[in-house]
Amino acid sequence: MSTGTKAVGLGGVIVATALPYREDATAPAGLAVDYDRYAEHCRWLVDNGCRGVGPNGSLGEYSSLTDDERRRVARTAVEAVGGAGVVVVGVHGPGHHQARHWAELAAEDGADGVLCLPPTMYRANRGEVIAHFEAVASVGLPVMVYNNPIDTKVDLTPDLLAEIAQIDNVVAVKEFSGDVRRVLEIREKAPGLEVVAGADDVTLEALLMGATGWFAGFPNVFPAESAELFALATAGKLEEARALYEPLVAAFRWDSRTEFVQAIKLGMDMVGRYGGPCRPPRGPLVDEHRAAVTADMQRAIAALEERKARA
């Protein structure tokens, strides 16, 4: 039976939040979650124009957290944002019983929606994928399914999404295949499903093709500018959007690379925020990558400073 939740949208700029750690010899890998700093970061993102935050995504290193940490991170985001923005909690899990468990906790803790990959660590078939999302959606929160065929080896094709979209409470797809041709095909085959840009370096292209959201990484670094880019693109102001987007794309490309968490955290450090270290299995950037991220970030920062000076 339909719950009517399909009317709840998960569009706009929702930031997949990076998670700060502080050194603590008693914590896993010697790094404890800094919840106070995380709460401040969530508020800062919403205060700078983003619609909401997404705790416990891959950028939030959910798979490196203990169960207690993972729930507390989600609760911290909900409490920090309050009614000022939406909170879409990552509920990824190897099986649907685990993903549903995290969705139930998210509902208890006041989340506005959940983001969910297909089964992780297992190349699920079509029926298993549908069963996975049915279980998560049965909790009752709006569900954004997450297509990341690079990491999960499961591709939520437009044809499969058309079937998934029939599940009550499934309202959106975070599209991370990198193929912008899919935006229109998804809209054709699953017209009731919101298409959300999932890769920062094809965001403008996806928005111009009709995506209505951006589940984003580099807005951890540039939230106000990212919110402005979204507004320009969705208003059809192509020339202004391109002028803002093009100097940022070299940095944004790191969102689609293996080292995306480290790169975004370095970007945060470079603009005066706190990015800090990652927990294993992620280690520090090698010198070559650190130099490349630094150069790409310096170009982006310089362009934004010049743009601000002209304003």
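**Strand pairing and pockets in the predicted model**

Strand E4 (residues 52-54) runs parallel to E5 and is joined to E5 by two bridges. Within this pairing, Val53 has Val87 of E5 as its bridge partner. The connection between the two strands passes through helix H2 (residues 67-81), and the resulting β-α-β crossover from E4 to E5 is right-handed. These assignments refer to a predicted model.

Strand E5 comprises residues 86-90, and five of its five residues are buried. In a regular strand, side chains alternate between the two faces of the sheet. In E5 both faces are covered: Val86, Val88 and Gly90 lie on one side, Val87 and Val89 lie on the other, and all are buried. Burial here denotes a relative accessible area under 20%.

On E5, pairing also extends to strand E6 (residues 113-116), in the parallel sense and over three bridges. Val88 stands opposite Gly113 of E6, and Val89 stands opposite Val114 of E6. Together with H3, strands E5 and E6 form a β-α-β unit that is right-handed. The faces of E6 are likewise both covered, with Gly113 and Leu115 buried on one side and Val114 and Cys116 buried on the other.

Strand E6 pairs in turn with E7, again in the parallel sense and over three bridges. The bridge partner of Cys116 in E7 is Val145. A right-handed β-α-β unit is made by E6, helix H4 (residues 126-137) and E7. Strand E7 (residues 143-147) is then joined to strand E8 (residues 170-175) by five bridges, the two strands running parallel. In this pairing, Val143 is matched with Val170 of E8.

The pairings described above belong to a closed barrel of eight strands, which runs E1-E4-E5-E6-E7-E8-E9-E10 with parallel pairing. Neighbouring strands of this sheet are turned against each other by 25° on average, direction ignored.

Pocket analysis was also carried out on the model. Rolling a probe the size of a water molecule over the atoms shows where empty space is left. The largest pocket holds about 780 Å³ of space. Its lining consists of 36 residues, and those nearest the centre of the pocket are Ser58, Tyr62, Leu117, Asp151 and Arg282. Two or more lining residues are given by each of helix H3 (96-108), helix H5 (149-152), strand E10 (213-216) and helix H12 (260-270). Helix H5 provides the largest share of this lining, namely three residues. By residue class, the lining of the largest pocket divides into 15 nonpolar, 14 polar and seven charged residues. Two of the contributing elements also appear in the strand architecture: H3 forms part of the β-α-β unit with E5 and E6, and E10 is a strand of the closed barrel.

The second largest pocket has a volume of about 340 Å³. It is lined by 15 residues, of which Phe222, Glu225, Leu304, Glu305 and Lys308 lie nearest its centre. Helix H9 (223-234) and helix H13 (287-310) each supply at least two residues of this lining. The greatest contribution comes from H13, with five residues. The lining of the second largest pocket divides into nine nonpolar residues, one polar residue and five charged residues.

Terms used
Residues numbered from 1 in each chain as written. Predicted model: local features only at pLDDT ≥ 70, side-chain atom pairs only at ≥ 80, totals over all residues. Heavy atoms only, no water. 1 Å grid on protein atoms, 1.4 Å probe; cavity = no way out; pocket = protein on both sides within 12 Å on 5 of 7 lines; lining within 4 Å. Points joined across faces, edges and corners; volume = space filled by probe spheres on them. Helix = DSSP H or I, 4+ residues; strand = E, 2+ residues; numbered from the N terminus. Nonpolar A, V, L, I, M, F, W, Y, C, P; charged D, E, K, R; others polar. Buried < 20%, exposed > 50% of the residue type's maximum accessible area, 1.4 Å probe, protein only. Pairing = 2+ DSSP bridges. Right-handed = clockwise from strand over helix to strand, strands pointing away. Axes fitted to C-alpha atoms, helices over the stretch in contact; angles between N-to-C directions.
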